[in-house]
Amino acid sequence: MEKYKSKTGTVSKPPYELYMSFVDMTNFTKMLPEDKKSMVEADYDTITVNFQGLCIGAKVQQRIPYSYIGLVDWGNSPVPFHVGLNFGSTGDPYKTAFSIEMEAELNFMMKMMIGKKLQEGLDKLVDGLVAMSEGRMPEGVDPEMLKNMKV
């Protein structure tokens, strides 16, 4: 398995509040534009995305309140993977040290094609979450798609 770890960002939300935003997979569908919602199915524990004939599913494997959520591949996902969302202490009760870890079983060709993009994507997700928690909108994100999501 190839391993990727995002940078750690300081999110301007308490750990319990940030954790609760991620604990329910249906919250992710609330951030989608209307024209993309039909591509995603979610319940409390699972989420499945169908895009260009590719189906990728994730299931919550572990929840450690206010500190960790672990997801694994689920359903017909073409690549075995594990994603860990880490919610840590910063010493400030109103801020969270947030990072994402990912392990994916990529063959050599896939590693060469998307490995760097996975790393960049994880870092961009953390940067975007930090920006939103500070009241800034990440580049390329439509504020309307976030109106139903509490971050």
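Where in the chain is confidence lowest, and where is it highest? Colour by pLDDT, the predictor's confidence in each residue, from 0 to 100. Helix α2 (residues 26-30) is lowest, with a mean of 86. Strand β2 (residues 9-11) is highest, at 97. The whole chain averages 88, and 91% of the residues score at least 70.

This is a predicted model: local features need pLDDT of at least 70, side-chain atom pairs count only at 80 or more, and totals for chains, interfaces and linings use all residues. Residues are numbered from 1 along each chain as its sequence is written, and side-chain values use heavy atoms, without hydrogens and water.

**Stop 1: strand β8.** Select residues 96-104. Helices (H or I, at least four residues) and strands (E, at least two) are DSSP runs, numbered from the N terminus. Seven of the nine residues in β8 are buried, meaning under 20% relative accessible area (1.4 Å probe, protein chains only).

**Stop 2: its partners.** Two strands pair if DSSP finds at least two bridges between them.
- Add β1 (residues 2-5): four bridges join β1 to β8, antiparallel. Find K3 opposite E103.
- Add β2: three bridges join β2 to β8, also antiparallel. T10 has A97 as its bridge partner.
- Add β7 (residues 81-89): nine bridges join β7 to β8, again antiparallel. S89 stands opposite T96.

**Stop 3: the turn.** β7 and β8 form a hairpin with six residues between them. Click G91 in this turn: its phi is positive, about 95°.

**Stop 4: a loop.** Go to Y66, between β5 (54-64) and β6 (68-74). Y66 counts as partly exposed because its relative accessibility is 42%, between the limits of 20% for buried and 50% for exposed.
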